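Hello,

Here is the structure I promised to pass on to you. Have a look at it first, and then read my notes below with the picture open beside you.

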Number of protein chains: 2
Amino acid sequence: MKRRGILIVISGFSGAGKGTLVKELLKNYDNYALSVSMTTRQPRPGETDGKDYFFVTREAFEEKVSQDGFIEYASYCGNCYGTPRDYVEEQLAAGKDVILEIEIQGALQVKKKNPQTLLLFVTPPSGEELKRRLVNRKTETEEVINQRMARAVEESAGIEQYDYLVINDDLAECTVQTHQLIQAAHATPDRNQDFIRKIRRELGEL
Amino acid sequence: MKRRGILIVISGFSGAGKGTLVKELLKNYDNYALSVSMTTRQPRPGETDGKDYFFVTREAFEEKVSQDGFIEYASYCGNCYGTPRDYVEEQLAAGKDVILEIEIQGALQVKKKNPQTLLLFVTPPSGEELKRRLVNRKTETEEVINQRMARAVEESAGIEQYDYLVINDDLAECTVQTHQLIQAAHATPDRNQDFIRKIRRELGEL
């Protein structure tokens, strides 16, 4: 029996280290595929089409919406962002666990339509540590840092909607833990319906 | 913050290797405590009071029932069996993950009263393999083997009520997997309410 992949949403506070965690998962294990979002916003310097995002026109985006071509989509600061369905489906069918790195509204949209989606929320060990990490980046102004902290307060309201809380203190430990949480999800009865049907049939026949 | 233990129920087909799995968990990891059941049945040769069971009179058992002293109890073949509450509570408070090895009716009773209980169902990889293991024990008559197989068919109806399905093919792998499933359970939001409250408070104050 071929094991179908799991759709995984990774969300969390800005500064929690989601991006680095996802990179480590992809580097250390071979069962993951990363979903690349489609967006109508302009590429920033250094961003590559097809790697960071698929950059498309608003018309192309809207056509895909009308074809139900996104697992989830949203607009943010006047631009549209969406997760193309075809790539995700293809990878899940091939047995890959597919990672989406999206925020809470998108996460809940995905879970509603795909109840077997695994939702992970990444957080630093404390509020202090979150602020320290944002300050240490040295790329953001104090105003941006304050906005992100305010946003973290809002986002924290949604933690209970997630399946697992991942506390990112030590990156290596956190990567192993996240991998194990995803592996655990493969052992739920709803993800093993073929096996359960098989063993029931065998027991009935013996 | 002291981490409270998780109450774990391990059920599964007779012949699935539950007993051996539980022994391996206790031997290889130090976070587990095994709950010892109380029973009104007579000790069998080789059984030790306080280790295999607490052997008590029917009067003593009924008094404990009247004091709500059991997490779950049931009668089976004219004898009563129950899980004493005090030991379980004491170990959970001390941070131990407490294992109960009980069958499905008891498991569902425990889960209903304690929704955070983790239910694990252990199964061999196939019906054939289950039969092979029962036959190879060489301690059971063909009649008993057939009864156990018939009972396995009934029990298999309850698999979907469990949180995780543990396929016991290789014992060492199965032990590690079971340990990881239990560790994963520690990362759910409902088992981290103190942490979530703490980080919300911190974010609000920064």
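**What I found**

Let's start with one pair: Arg41(B) and Glu47(B) form a salt bridge, with their closest N and O atoms 3.0 Å apart. Please keep in mind throughout that this is a predicted model. Side chains of opposite charge can pair when their charged atoms come close. Is Arg41(B) buried or exposed? Arg41(B) has a relative accessible area of 8%, so it counts as buried. Its partner Glu47(B) is partly exposed, because its relative accessibility is 22%. Over in chain A, salt bridges with shared partners join Glu129(A), Arg132(A) and Arg133(A) into one network.

**More charged pairs**

How many salt bridges does a search of the whole structure find? The answer is 24 over all chains. One of them brings together the side chains of Arg85(A) and Asp68(A), at 3.3 Å from N to O. This pair links distant parts of the chain: Arg85(A) sits in helix α3 (residues 85–93) of chain A, while Asp68(A) lies 17 residues away in the loop between α2 (58–66) and β5 (70–76) of chain A. Both partners can be looked up by their accessibility: Arg85(A) is partly exposed at 23%, and Asp68(A) is partly exposed at 47%.

In chain B, the side chains of Arg4(B) and Glu89(B) meet in a salt bridge at 3.5 Å, N to O. Here the two residues are 85 apart in the sequence, with Arg4(B) in the segment before β1 (7–12) of chain B and Glu89(B) in helix α3 (residues 85–93) of chain B. Arg4(B), with 46% relative accessibility, counts as partly exposed, and so does Glu89(B), with 33%.

**Where the chains meet**

Now turn to the place where chain B touches chain A. There, 38 residues of chain B are in contact with 38 residues of chain A. The two chains bury about 3,100 Å² between them, and 69% of that is on carbon and sulfur atoms. Which three residues supply more of the area that chain B buries against chain A than any other three? They are Arg200(B), Leu203(B) and Leu206(B), which supply 19% of it.

The interface also has polar links. Two salt bridges cross it, and Glu160(B) forms a salt bridge with Arg200(A), their closest N and O atoms being 2.7 Å apart. Between the two chains, 11 residue pairs are in polar contact. Elements that give two or more residues to chain B's side include α5 (127–136) and α6 (142–156) of chain B. The largest share, eight residues, comes from α8(B). By type, the residues on chain B's side divide into 22 nonpolar, nine polar and seven charged.

**A helix to look at**

Finally, try α5(B). Its buried residues are Gly127(B), Glu129(B), Leu130(B), Arg133(B) and Leu134(B). Seen down the axis of α5(B), these buried residues fall within an arc of 165°, so they line one face of the helix. What covers the buried residues of α5(B) includes α8 (193–205) of chain A, together with α6 of chain B. After α5(B) comes Lys138(B), which has a positive phi near 55°.

Enjoy exploring!

Definitions and conventions:
Residues are numbered from 1 along each chain as its sequence is written. Chains are lettered from A and ligands numbered from 1 in the order in which they are written. This is a predicted model: local features need pLDDT of at least 70, side-chain atom pairs count only at pLDDT 80 or more; totals for chains, interfaces and linings use all residues. Side-chain values use heavy atoms; hydrogens and water are left out. Contact means heavy atoms within 4.5 Å. Buried area is the accessible area (1.4 Å probe) that two parts lose on being put together, summed over both. A salt bridge is a side-chain nitrogen of Lys or Arg within 4 Å of a carboxyl oxygen of Asp or Glu. A polar contact is a pair of N or O atoms within 3.5 Å; within protein, one must be able to donate a hydrogen and the other to accept it, and residues adjacent in sequence count only if both atoms are side-chain atoms. Helices (H or I, at least four residues) and strands (E, at least two) are DSSP runs, numbered from the N terminus. Ala, Val, Leu, Ile, Met, Phe, Trp, Tyr, Cys and Pro count as nonpolar, Asp, Glu, Lys and Arg as charged, and the others, Gly among them, as polar. Buried means under 20% relative accessible area, exposed over 50%, partly exposed in between (1.4 Å probe, protein chains only). The arc is that of the directions from the helix axis to the C-beta atoms.
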